[in-house]
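Welcome! Here is a friendly briefing to read alongside the sequence and the 3D view. Take a look at both, and then we will go through a few topics one by one.

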Amino acid sequence: MLAGPYCGLMLADMGAEVIKIETPEGDIARSVSPHYVGPHNAYFASLNRSKKSVVLDLASPRGQEALADLASTSHALITNLRPSAIRKLGLTYESLRDVNERLVCVALTGYGLNGPYSDNPAYDYVIQALTGVMALTGDPSAPPTKAGYSAVDNSAGLVAAVGLLAKIVQGQGGQVDVAMYDVMLSQLNYLAGAALNAGETIERLADSSHPYVVPAQIFATADGWLTLFITHDKFWEIFCLELGLPQWVQHPHFATMTARRMHRAEVVPAIAQVLQQAPASEWVRRLAPLGVVAAEVGTLNTALKGDIARSRELVVPLGDGSLPLSAVASPIRFDNFTPSYRLPPLLNEHAAELLGKDVTC
């Protein structure tokens, strides 16, 4: 529903022709959300804009013939199924190399194309649970918590796109194997490094705290929550002087990043007490111009309507604007290229164009 489509979305936004192969029932994402704009499901539209849709029964000879025709002139094939289904339906490089030896076949699966876990079911939630992401997220006194968005699916989609493009640049066809589990474990990079090389047990810290940098977390204020992230001791000095606490600059428990980390239990409550004296917006107004990294904790709705999104033109209409259907723009920008954000395809909309007939194969 998400990882493979997001991979294709990134490519479509950069100008690729992306053909979505669907079953006669269509992608389940066409109905997963209760929100519709005209005939378009908002969830589906957010992941499938600018693509083309054809319906193929890949279990039938006619469907396989149509697949081979499409593969013969394509750069790549992205699949987001279990390995057993990928092989059964002939969606590997081994199966398709005879029709196009330069074809790049990307298998985006839960646990890889091979191995004892390869055919286990995998969703974003499950991978977050198994890799420890849930155990790292949220308050230590609360149950394990998933990330607030589909971190695994989106990350896996991006990695798959990178692998696909790297293989195309290499100029050779072949199989690309991207596992959601592998991607998420790799994204725990420095935390995994601490566990592997120092035997550190990585645990949740209160208030979304960074394990090594202090202060780097959220703080309650007189009104709202403030995110504060101070790394260099130069900015710590600026922060202390702005708060009217010059004694913290030379205090042996406060003066350096190492000292603050070692004395977190003393440093954090002291900062928290001061920050509760004014609203988050006031702290941002005072600290941000000084170069201190501070921001209010907002919501998705406020971000979409905010100045940064507006200045970056991040909210875009889909199609010609006749439908009030919007999405978040591509995060990738090029000189002399403007993405075309077209409507998501209706089911089998492009069969006649791509297959030469408006029928289900």
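**A buried arginine in a loop**

Arg 204 is found in the loop between α10 (189-198) and β8 (216-220); helices (H or I, at least four residues) and strands (E, at least two) are DSSP runs, numbered from the N terminus. This is a predicted model, in which local features need pLDDT of at least 70, side-chain atom pairs count only at pLDDT 80 or more, and totals for chains, interfaces and linings use all residues. Residues are numbered from 1 along each chain as its sequence is written, and side-chain values use heavy atoms, with hydrogens and water left out.

- What is the nearest side chain of opposite charge to Arg 204, and how far away is it? It is Asp 139, at 6.9 Å, and Arg 204 has no salt bridge although it is buried.
- Three terms help here: buried means under 20% relative accessible area, exposed over 50% and partly exposed in between (1.4 Å probe, protein chains only). A salt bridge is a side-chain nitrogen of Lys or Arg within 4 Å of a carboxyl oxygen of Asp or Glu. For charge, Lys and Arg count as positive and Asp and Glu as negative, while His and the chain ends are not counted.
- The side chain of Arg 204 does have backbone oxygens to meet: a polar atom of this side chain lies 3.0 Å from the backbone oxygen of Ala 142, and the side chain also reaches the backbone oxygen of Pro 143 at 3.0 Å.
- Leaving aside neighbours within four places in sequence, Arg 204 is in contact (heavy atoms within 4.5 Å) with residues including Met 134, Leu 136, Asp 139, Pro 140 and Thr 145.

**The overall picture**

- The protein has 18 helices and 12 strands.
- Along its principal axes, the C-alpha trace spans about 80 × 50 × 40 Å.
- Of the 361 residues in the protein, 41% are buried.
- Among contacts between residues at least 6 apart in sequence, 66% join residues at least 24 apart.

**A sheet of three strands**

- An open sheet of 3 strands has the order β5-β6-β7, with parallel pairing. The edges are taken by β5 (76-79) and β7 (174-179), each with a single partner strand, so one side of each has no neighbour in the sheet. From one strand to the next, the twist averages 15°.
- Two strands pair if DSSP finds at least two bridges between them. In general, strands of a sheet pair through backbone hydrogen bonds, either parallel or antiparallel.
- β5 and β6 pair in the parallel sense over 4 bridges, and Ala 76 has Val 104 in β6 as its bridge partner.
- On the other side of the pairing list, 6 bridges join β6 (residues 104-109) to β7, and these two strands run parallel. Val 104 stands opposite Gly 174 in β7, and Thr 109 stands opposite Ala 179 in β7.
- Is β6 mostly covered or uncovered? It is mostly covered, with 6 of its 6 residues buried. Val 104, Val 106 and Leu 108 point one way from β6, while Cys 105, Ala 107 and Thr 109 point the other way.
- Helix α1 (residues 3-13) lies across β5 and β6 and runs at about 150° to β5. Helix α8 (residues 151-170) lies across β5, β6 and β7, at about 165° to β6. Axes are lines fitted to C-alpha atoms, for helices over the stretch in contact, and angles run from 0 to 180 degrees between N-to-C directions.

**Salt bridges**

- A search of the whole structure finds 9 salt bridges.
- One of them joins the side chains of Glu 17 and Lys 52 (2.7 Å, N to O). Glu 17 lies in the loop between α1 and β1 (19-22) and Lys 52 in strand β4 (residues 52-55), so the pair ties together parts that are 35 residues apart in sequence.
- Glu 17 counts as exposed at 53% relative accessibility, whereas Lys 52 is buried, with a relative accessible area of 16%.
- Lys 52 also forms a salt bridge with Glu 353, with the closest N and O atoms 2.5 Å apart. Glu 353 lies in helix α18 (residues 351-355) and Lys 52 in strand β4, so this pair ties together parts that are 301 residues apart in sequence.
- Glu 17, Lys 52 and Glu 353 are thus linked in a network of salt bridges.

Definitions and conventions. A polar contact is a pair of N or O atoms within 3.5 Å; within protein, one must be able to donate a hydrogen and the other to accept it, and residues adjacent in sequence count only if both atoms are side-chain atoms.
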